[in-house]
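Trainee: I'm new to this one. Can we go through the terms people use for it and check where each comes from?
Mentor: Sure, let's have a look.

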Amino acid sequence: MARKKSELEAYASKNILQIGYDDMQTDSYMLYKLIILYMLNKVDFPMTNSQLSDFILGNEYTNYFIFQQVLSELIDAEFITSETLQNSSRYKITKDGRETVSFFENKISEAIKEDISNYLSEHEFAIRNKNSIIANYYKSGGEEFVVTLSINEDTSTVIDLNLSVPTEELAEKMCTNWQTRSQDIYSYVFKTLL
């Protein structure tokens, strides 16, 4: 077990520090990666690119381009996974990511950890809501588009609708409206079927 743990630590060290031209830049990149891993480890649902960047850029830790580069490197190292739904990337931490952040958590200052906790507490409802209401569409065989709309709670699907529409414009409009009206639509369907 000790050998396996040391091998994992070496792998994590190599991948968490994979870029940088000098020690200060390497430390900064490592910190950005650890902040993202720490945030994703603290929640039990995926976070969007905009949610992560809101925290990182809002606290002026780095700029947008470095933030995107760090995300890409975390995906390449398989510390996080990415899924794209309706032009929105959602990130989840992997087992290797969890183990890595547990090894290096002490590299994140208590002040940053507190900022992360405060951010997640203040935005938990909005973050959960964004991840529980899913709207996406794709082009089917012909000229039609299939719109997939769902509401999820924890690991359960509350409602899942697939609708065929004739134009991409209608598909986009349905996805946009689902974000704000999904609860009303769910209530209507539920009441109508009872």
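**Helices and strands, term by term**

Mentor: In this predicted model, helix 3 (residues 49-58) packs against helix 4 (residues 64-76) at an angle of about 130 degrees, and their axes are 11 Å apart.

Trainee: Why are helix 3 and helix 4 called oblique to each other?

Mentor: Over 145 degrees would count as roughly antiparallel, and 65 to 115 as roughly perpendicular. The angle here is about 130 degrees, which fits neither range, so the pair is oblique. As for handedness, the crossing of helix 3 past helix 4 is right-handed.

Trainee: What makes the two helices count as being in contact, and which residues meet?

Mentor: The test is heavy atoms within 4.5 Å. From helix 3, Asn-49, Leu-52, Ser-53, Ile-56 and Leu-57 meet Tyr-64, Phe-67, Gln-68 and Leu-71 of helix 4. By class, that contact has six nonpolar, three polar and no charged residues.

Trainee: On to the strands. How do you know that strand 4 and strand 5 pair?

Mentor: Pairing takes at least two bridges. Strand 4 (residues 133-139) and strand 5 (residues 145-153) have seven and run antiparallel, so they pair. Among the partners, Tyr-137 goes with Val-147 and Tyr-138 with Val-146. The two strands form a hairpin, with five residues between them.

Trainee: What is the strand order in the open sheet, and why do some strands stand at the edges?

Mentor: The order is 4-5-6, with antiparallel pairing. Strand 4 and strand 6 (156-165) each have a single partner strand, so one side of each is left without a neighbour in the sheet. From one strand to the next, the twist averages 15 degrees.

Definitions and conventions: Residues are numbered from 1 along each chain as its sequence is written. This is a predicted model: local features need pLDDT of at least 70, side-chain atom pairs count only at pLDDT 80 or more; totals for chains, interfaces and linings use all residues. Side-chain values use heavy atoms; hydrogens and water are left out. Helices (H or I, at least four residues) and strands (E, at least two) are DSSP runs, numbered from the N terminus. Axes are lines fitted to C-alpha atoms, for helices over the stretch in contact, and angles run from 0 to 180 degrees between N-to-C directions. Angles under 35 degrees count as roughly parallel, over 145 as roughly antiparallel, 65 to 115 as roughly perpendicular and the rest as oblique. A crossing is left-handed if the near helix is turned anticlockwise from the far one by less than a right angle, and right-handed if clockwise. Ala, Val, Leu, Ile, Met, Phe, Trp, Tyr, Cys and Pro count as nonpolar, Asp, Glu, Lys and Arg as charged, and the others, Gly among them, as polar.
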